[in-house]
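Biologist: I would like to learn how to read helix packing and residue surroundings from a model. Could you take me through it step by step?

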Amino acid sequence: MATTPTALGRIQTVEPRSVWPHEAHDFTPWLLGNVDVLADLLGMNLVLEAAEHPVGDFSLDLVGRNEDTGERVIVENQLEVSDHTHLGQILTYAAGTDPANIVWIATGFRPEHRAAIDWLNSRTDEHTRFFGVQIEVVRIGDSMPAPAFKLVAQPNDWEKAAKTATAGELSARDSLYWEFWDQYRRRVIAEHPGWTSSAGSTKSAWFGMSAGAPGVNWISVFTRAGLAVQLEFTRFDEATNDARFQALQRHQAALEAAYGAPLVWDAVEGRKARKVVALNEGYKDVADREQWTAWIDWLIDTQARFRAAYDHVGGSATFQG
C-alpha cells in the first residue's frame, strides 16, 4: 500500500537588512543579546562585554572574551559584502585592543578578503586568530526568520583546537592546570549547573565564570599568595570598573558579614581591573595532586558563600540603575 509523501517546507533565504535594517542600531544590539549563536559557531564559551568600544577616534562594534581561556575577543560587524575599509578597521582595532581572537562578520566575503584572513592566520602566532563569519538568515514557509551563520574563514587547526587540547599537546604544567580545571568544571556543573555551561577546560592558572553583568566575573585562581576566589570588574573602561568597585565597597560590612570572613578589596593599582578576593593563604602548587579534591571543595564552597553574600547585598544592582 502506497504511503502519502510527507509534506516538507522549503528553506528560503531572507535579506539580512529586512531583519536588521541598521548595523549599529539593530544588528549589533541583537548579537550582544544573542551571543550563543556566535559562541556555538566559533566553539567558544563567549561573553560579549561592550558595544561601540572606542579605539582612538574609531568605535569597535563588540568586545568580550572566551571564558574558557580568558582570551580577549573583538567583533566587527558589516551588514554588506566585505570591503577593504572594514579589513583596515579590523587591523586597526586589533592593534588597539591586543585580542587573541578577531571576528569579522559580513553578509558575504570577497575571495581577496578570505585570502587576506587566511594569510593573516598563516603569518601570525598561535595566540592570534582571525575568523570570517558570513551572515545568513533563513525561514521555512511563514515561520519566523532564523540566523544561519557560516564560518567561512578560520585558522587551519581551529576546529581541532576548539574541541580539545590533549595533554600530549601541552607543556607539563599546562597539562596539570588543564586536568585540575576539568575536574573542577565537572564538579561545578554537577553541583551548581547554573554557574557555567562551559564545555571545556583551560591551561591557564585560573577559571572564569560570568557574574551576571557585562565585565563582572567570578574567577577561581592559583595566585602566589594562595588559592583564591575573586569577583573581578574587567570592563575595558577603568572608570566603570572603579565606580562599580566603589559602589560595592559601600556594602563591605554587610557583604563580609554575609560571607562570614573579611575579604581583600584590591583596586589593582596601575591596571584597569578591580577585584574583591577570598583567599586561602599559603602557596598552592597545582602539581600536588593529592590536594586537588580538598582544593576543589574549598573553591566551590567559597564561591557558593561569596555568591550568596553578593546576592544578599543586591548583586549587580549595587552598581546599576
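Modeller: Gladly! Let us start with Arg65, which sits in strand β3 (residues 58–66). Keep in mind throughout that this is a predicted model.

Biologist: Is Arg65 buried or exposed?

Modeller: Arg65 has a relative accessible area of 10%. The cut-off for buried is under 20%, so Arg65 counts as buried.

Biologist: Which side chain makes a polar contact with Arg65?

Modeller: That partner is Asn217, with 3.5 Å for the polar contact between the two side chains. If you set aside neighbours within four places in sequence, the residues touching Arg65 include Asn45, Leu46, Val47, Glu49, Trp206, Ile219 and Thr234. Arg72 is also among the contacts of Arg65.

Biologist: Where does Arg72 lie, and how accessible is Arg72?

Modeller: Arg72 belongs to strand β4 (residues 71–81). Its relative accessibility is 30%, so Arg72 is classed as partly exposed. You can also follow Arg72 to Ile102: they are 30 residues apart along the chain, and their C-alpha atoms are separated by 8.8 Å.

Biologist: Let me try another strand residue. What surrounds Val103?

Modeller: Val103 is in strand β5 (residues 101–108) and is buried, at 1% relative accessible area. Beyond its neighbours within four places in sequence, Val103 touches Leu38, Leu42, Val73, Ile74, Val75, Glu76, Phe131 and Val133. For a C-alpha distance, take Val103 and Val63: 40 residues apart along the chain, they are separated by 9.9 Å.

Biologist: And Gly226, is that residue buried or exposed?

Modeller: Gly226 is buried, with 0% relative accessibility. You will find Gly226 in strand β12 (residues 226–233). Its C-alpha atom is 5.5 Å from that of Asn280, although 54 residues separate the two in sequence. Asn280 is one of the contacts of Gly226 outside the four-place window, along with Val221, Leu279, Gly282, Tyr283 and Lys284.

Biologist: That makes sense. Now, how are two packed helices described?

Modeller: Two packed helices are described by the angle between their axes and by the distance between those axes. Try α4 (residues 84–97) and α5 (residues 111–123): the angle is about 20° and the axes are 11 Å apart. Angles under 35 degrees count as roughly parallel, so α4 and α5 are roughly parallel to each other. The crossing of α4 past α5 is right-handed.

Biologist: Which residues make the contact between α4 and α5?

Modeller: On the α4 side they are His84, Leu87 and Leu91, and on the α5 side Glu112, His113, Ala116 and Leu120. Sorted by class, this contact of α4 with α5 has 4 nonpolar, 2 polar and 1 charged residues.

Biologist: What angle do α2 and α3 make?

Modeller: About 70°, for α2 (residues 23–33) against α3 (residues 35–42), with axes 5 Å apart. That angle makes α2 roughly perpendicular to α3. Trp30, Leu31, Leu32 and Gly33 of α2 meet Val35, Val37 and Leu38 of α3. By class, the contact of α2 with α3 has 6 nonpolar residues, 1 polar and no charged ones.

Biologist: One more pair, please. How do α7 and α10 cross?

Modeller: Helix α7 (residues 172–191) and helix α10 (residues 292–312) cross at roughly 50°, and their axes come within 10 Å. With that angle, α7 is oblique to α10. The crossing of α7 and α10 is right-handed. Among the α7 residues in the contact are Leu176, Phe180, Trp181, Tyr184 and Arg187, and those of α10 include Trp292, Trp295, Ile296, Asp297 and Ile300. Counting by class, the contact of α7 with α10 has 10 nonpolar, 3 polar and 4 charged residues.

Biologist: Which residues does Ala304 touch?

Modeller: Ala304 is found in α10. Leaving out neighbours within four places in sequence, Ala304 is in contact with His192 and Trp195. With 26% relative accessible area, Ala304 is partly exposed. As for Ala304 and Asp237, they are 67 residues apart in sequence and 28 Å apart in space, C-alpha to C-alpha.

Notes
Residues numbered from 1 in each chain as written. Predicted model: local features only at pLDDT ≥ 70, side-chain atom pairs only at ≥ 80, totals over all residues. Heavy atoms only, no water. Axes fitted to C-alpha atoms, helices over the stretch in contact; angles between N-to-C directions. Helix = DSSP H or I, 4+ residues; strand = E, 2+ residues; numbered from the N terminus. Parallel < 35°, antiparallel > 145°, perpendicular 65-115°, else oblique. Left-handed = near helix turned anticlockwise from the far one by under 90°. Contact = heavy atoms within 4.5 Å. Nonpolar A, V, L, I, M, F, W, Y, C, P; charged D, E, K, R; others polar. Buried < 20%, exposed > 50% of the residue type's maximum accessible area, 1.4 Å probe, protein only. Polar contact = N/O pair within 3.5 Å; in protein donor to acceptor, adjacent residues only side chain to side chain.
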